[in-house]
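Colleague: I am new to this structure and should be grateful for a close look at a single part of it. Please take one chain, describe how it is put together, and then turn to what it touches.

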Amino acid sequence: MTQLTLAKALTHGLRKAMEADPKVLIMGEDVGKLGGVFRVTDGLQKDFGEDRVIDTPLAESGILGTAVGLALRGYRPVCEIQFDGFVYPAYDQIVSQVAKMHFRSLGKLAMPIVIRIPFGGGIGAVEHHSESPEAQFAHTAGLKVVACANPTDAYWMVQQAIASDDPVVFLEPKRRYWEKADVDESAAPAPLHSSRVVREGTDVTVLAYGPMVKTALEAAIAAGEERTSVEVVDLRTLSPLDMDPVLASVRKTGRVVVVHEAVVNLGMGAELAARISEAAFYALEAPVLRVGGFDTPYPPSRMEEEYLPDLDRVLDAVDRALAY
Amino acid sequence: MSNDGSDSLVQLLTPEGERREHPVYRCDLDDQAIRGLYRDLVLTRRIDTEATALQRQGELGIWASNLGQEAAQIGSGRALRGQDHAFPTYREHGVAWCRGVDPLRLLGLFRGVDQGGWDPRETNFHLYTIVIGAQTLHATGYAMGIQRDGAVGTGDAERDAAVVAYFGDGATSQGDVNEAFIWASVLNAPVVFFCQNNQWAISEPMERQSRIPLFQRAQGFGFPGVQVDGNDVLACHAVTTAALQRARDGQGPTLVEAFTYRMGAHTTSDDPTRYQLREDLEHWKLKDPIARLKAYLIRGGLIEEAFLTELAAESDAIAQRLREGCLSMPDPDVLDIFDQVYAEQTTELAQQKEQYAAYLSSFDTSPEGAPA
């Protein structure tokens, strides 16, 4: 058991993956000598060399486009997109090339590519550095999308994503990079595409992922003080969704609140609400409620604490769910 | 400004079929090999003609003709070694032929049966890429893989490999192509950028893409650019052979601009009479890649009537096989698409398949197919 920040847990996970398979490459802007702007790849170039930890030209489409070629040659590229808002120049390569290659080759060509994206707000950054683009990728057939929320998951999930023969968009909650927890590097991890109940409760289910898991847990503790029992599910996988633990929780509580930083309109919450109503309609005591970013562009950082769902907004939704 | 760059154009065979010497590039092919190129050109054109006819008869949804570009494709395609890898656009039917891709497989894509039914791992010929220029980055990444495999600059002709990226004049305006140039340059990747400048991006002429001849762009990126007569199969072969060898030797990328002309429409859905001048077409007909090689071979006594008769018969046989193969191509089963999305199938997609299969079988009234 080692105490690690989420960022360091990722570094350990990446190191493990590189040791296990010589075909694993890391590529991105500033990932080499600097170790990445968040230091997630710190020390890896020194130990694995410039051929395996590649400081790329400053071109996101180039990072993903060349990763496609490397994957076709038998490599397993792990691409770092420096910030969420910079993934869009690579959007065509991700959506039209990476996502579709296995399909259009009738299954002959695999794309074992991991696209690491530090996502979400809360760090007081300038524009384009605080976005939550997960729904755009979850909407794209051919991609898999996961989000880690704590150091242990960060350590294991990044290794599992690298081992996957499918392309995985790997979302890292950047505001939680510096939070520490014990990481057990020996315990067998849960499957990559599984969701998990992280706090048991009986009155309301809160579904969250990435940075919002901590917020949801804090809300659950606060609700507990007012004798409302909140169950929190860490979704972990956004595409495919793992509905079984979600539906089991819904059948227990009958009330659901989905929390994410991304805008509510057509976000993950919309998909979850639809699936829950299709699969557990008679178990519901209230409509599925959503708490998320407003349907505006991400605001200047002086306003972000109001834009982002916080403990009070989650509790407000919990109360509204209970009022039905 | 001149976009034909005629002063620097590498030409080894004139439109009249006369051999020319060049101070740097020379044709090292023997007569037998040149006859082989002629066969490739003729058969490639026949495949194209037959595919266009199949589209006109409603058997293909669309076809992108490579009429007029056969020499650029065959010359470069025959310069590749087995271990080299090619990344085509959707018009590289001649290169596909050189890589041993069954032309019937090309038709599958344009008929809507699949999105590329050949195996790129067996042919070292990637699937057609339709998003303009995207494949130049794939080619560059593949070349980076070759570098990491230690298959560059060893001097072992069986081992050293290179990649060729095909694209057109329109693609040179794309960000991906410019990014590929930068990556290949700074990483010294073993890739040849082979641009067929057919002078048209659907209706937009070269002048809308560049104010300088395209091959000159390479200089700004830090690697050599060569302009070759794209209707001269011998020159295309010589220039590509040299560029590939340079890449295999570890000396980095080269841009080859094959200067040619799109003699057909962009695709069968296009109407070039709205923007192309008839005089231009007439002018370029005189530069036809097949006619000039035939003139050379006949004048030099390198082919006899029997060769041409046999080739005509082979050509007819291919056309017939394509036609029959196209008409008898089985329609795909929609239930298969659910299994082709991921290498590791997801539960939700497997469920979706199951649900749709059950829906389909609900229409089946035969005794065996009655719903459970």
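Modeller: Let us take chain B. Among the contacts in chain B with a separation of 6 or more, 76% join residues that are 24 or more positions apart. The model is a predicted one, and every value given here is computed from it.

The overall dimensions of chain B come next. A compact globule of 372 residues would have a radius of gyration near 21 Å, and chain B agrees with this because its own value is 22 Å. The C-alpha trace of chain B extends over about 80 × 50 × 45 Å along its principal axes. Of its 372 residues, 47% count as buried. Its secondary structure consists of 13 helices and 7 strands.

One of these helices, α9(B), deserves separate attention. Helix α9 of chain B covers residues 233–248. Its 16 residues, at 1.5 Å a residue, should span 22 Å, and the end C-alpha atoms are indeed 22 Å apart, so expectation and model agree. In α9(B), 14 of the 16 residues are buried, and therefore this helix is largely enclosed by the rest of the structure. After α9(B) comes B:G250, which has a positive phi, near 90°.

We may now turn to the contact between the chains. Chain B contributes 34 residues to it, and chain A contributes 35 residues. On the side of chain B that touches chain A, at least two residues each come from α5 (120–123), α6 (134–148), α7 (175–187) and α13 (347–361) of chain B. The largest share of that side belongs to α6(B), with 11 residues. Sorted by class, the side of chain B that touches chain A holds 15 nonpolar, 11 polar and 8 charged residues.

For orientation, a few words on the partner, chain A. In chain A, 7 strands make up an open sheet of mixed pairing, in the order β3-β2-β4-β5-β7-β6-β12. Its edge strands, β3 (53–55) and β12 (237–239) of chain A, each pair on one side only. Neighbouring strands of this sheet are turned against each other by 20° on average, with direction ignored. At the β12 edge, β6 (residues 144–147) of chain A pairs with β12(A) in the antiparallel sense over 2 bridges, and A:V145 has A:S239 of β12(A) as its bridge partner. Helix α3 (residues 60–72) of chain A lies across β2 (24–28) and β4 (76–80) of chain A, and runs at about 170° to β4(A).

Terms used
Residues are numbered from 1 along each chain as its sequence is written. Chains are lettered from A and ligands numbered from 1 in the order in which they are written. This is a predicted model: local features need pLDDT of at least 70, side-chain atom pairs count only at pLDDT 80 or more; totals for chains, interfaces and linings use all residues. Helices (H or I, at least four residues) and strands (E, at least two) are DSSP runs, numbered from the N terminus. The radius of gyration is taken over C-alpha atoms; the globule rule is 2.2 Å times the number of residues to the power 0.38. A residue is buried if 20 or more other C-beta atoms lie within 10 Å of its own, exposed if 12 or fewer, and partly exposed in between; C-beta atoms are placed from the backbone. Two residues are in contact if their C-beta atoms, placed from the backbone, lie within 7 Å. Two strands pair if DSSP finds at least two bridges between them. Axes are lines fitted to C-alpha atoms, for helices over the stretch in contact, and angles run from 0 to 180 degrees between N-to-C directions. The expected span of a helix is 1.5 Å times one less than its number of residues. Ala, Val, Leu, Ile, Met, Phe, Trp, Tyr, Cys and Pro count as nonpolar, Asp, Glu, Lys and Arg as charged, and the others, Gly among them, as polar.
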